[in-house]
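Thank you all for coming, and please have a look at the structure on the screen while I talk. I will go slowly, and I will try to say each time what we are looking at.

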Amino acid sequence: MKKQKTAVVLFSGGLDSTTCLYWALKRGYKCTALNIFYGQRHSREMQSAKAIAKKLGVKLIQVKLNLPWLEKACSLVGKNHKIPDEPMSVIKNKSRIPSTYVPARNLVFMSVAASLADSVGADAIIAGPNAIDYSGYPDCRPQFYKPLAKAVKEGTKSGVSGAPIEIVTPLLRLSKAQIVKLGSSLGVPFGMTWSCYNGGKKPCGKCDSCKLRAEGFAAAGIEDK
């Protein structure tokens with residue numbers, strides 16, 4: 001009998017990571033969802049992560065990191081910054097790195113995921129970076145993930161024992177509209193996901209993430225609910 005594949009899925013509770021989780025389950029992975037809190041000004045995403053994991057019956061591990069230097073470096077952390085409200089043309093300018101960039105976030109997240117995957121013998125780490133409709137973050141680019149996969153192979157017990165952990169990024173080259181269409185085909189409960197950089201009961205509709213999400217749904221011709 002063929003052994004079921006296992007995966008650690010980096011899972012924020014947002015649109016992209018939820019689509020990744022549904023994608024992994026559809027492909028037969030037994031998943032552990034890893035949700036990481038790094039000091040954001042709100043924990044609304046964590047609520048979504050809990051609710052979606054419960055709905056799917058997926059084990060959820062939530063980790064809180066204490067990275068105090070982010071309070072000065074990133075507008076998503078602490079309460080002394082204003083989340084930028086900018087035109088879409090500015091948001092999608094890939095030569096610009098906005099204040100919402102979290103320094104080396106995906107490097108940190110992938111390291112935590114690699115530690116978990118190496119500890120439990122997972123076959124893969126699945127994450128949802130998107131290189132097309134993104135806000136200019138350097139750690140969402142394909143050239144970041146290729147050397148990362150090599151580092152995970154060379155720097156883990158799994159890798160040096162001949163069972164390297166695969167780094168899987170199924171959304172990397174998809175537009176936001178394509179991600180929405182994929183999520184729709186997989187039955188993703190869009191209304192349960194949270195993308196807004198601001199907390200509260202309803203998305204602000206003004207931040208980078210809200211605008212990219214709205215544009216994706218509009219281009220896909222699918223209602224966000």
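I will go through one strand, then the salt bridges, and then a patch of charge on the surface.

Before we start, please keep in mind that this is a predicted model.

Let us begin with strand β1, which covers residues 6-10 and is mostly covered, since five of its five residues are buried. If you follow the side chains, you will see that Thr 6, Val 8 and Leu 10 point one way from β1, while Ala 7 and Val 9 point the other way, and that all of them are buried. This fits what we learn about strands in general, namely that in a regular strand the side chains alternate between the two faces of the sheet. Which strand does β1 pair with? The partner is strand β2, residues 30-37, and the two run in the parallel sense, joined over five bridges. Within this pairing, Leu 10 stands opposite Leu 34 of β2.

Now to the charged side chains, where the count comes to six salt bridges, and I will show you some of them. One of them joins Lys 211 and Asp 85, with a distance of 3.0 Å from N to O. Lys 211 belongs to helix α9, residues 208-220, whereas Asp 85 sits in the loop between α3 and α4, so this pair ties together parts that are 126 residues apart in sequence. Are the two partners buried or exposed? Lys 211 counts as buried because its relative accessibility is 19%, and buried means under 20%, while Asp 85, at 44%, counts as partly exposed.

A second salt bridge is formed by Arg 96 and Glu 86, whose closest N and O atoms are 2.3 Å apart. Here Arg 96 lies in the loop between α4 and α5, and Glu 86 in the loop between α3 and α4, with their positions 10 residues apart in the sequence. Arg 96 is buried at 17% relative accessibility, and Glu 86 is partly exposed at 22%.

There is also a salt bridge between Glu 223 and Lys 225, with the closest N and O atoms 3.8 Å apart, and in this case Glu 223 and Lys 225 are both exposed.

Finally, please turn to the surface, where Lys 2, Lys 5, Lys 26 and Arg 27 form a positive patch. Of these residues, Lys 26 lies in helix α1, residues 15-26, and Lys 26 counts as exposed because its relative accessible area is 64%, where exposed means over 50%.

Technical notes: Residues numbered from 1 in each chain as written. Predicted model: local features only at pLDDT ≥ 70, side-chain atom pairs only at ≥ 80, totals over all residues. Heavy atoms only, no water. Patch = residues over 30% accessible without salt bridge, like charges linked within 9 Å, V, L, I, M, F, W, Y side chains within 5 Å. Areas by Shrake-Rupley, 256 points an atom, 1.4 Å probe, with all protein chains shown as cover. Salt bridge = Lys/Arg side-chain N within 4 Å of Asp/Glu carboxyl O. Lys, Arg positive; Asp, Glu negative; His and termini not counted. Charge placed at Lys NZ, Arg CZ, Asp CG, Glu CD. Helix = DSSP H or I, 4+ residues; strand = E, 2+ residues; numbered from the N terminus. Buried < 20%, exposed > 50% of the residue type's maximum accessible area, 1.4 Å probe, protein only. Pairing = 2+ DSSP bridges.
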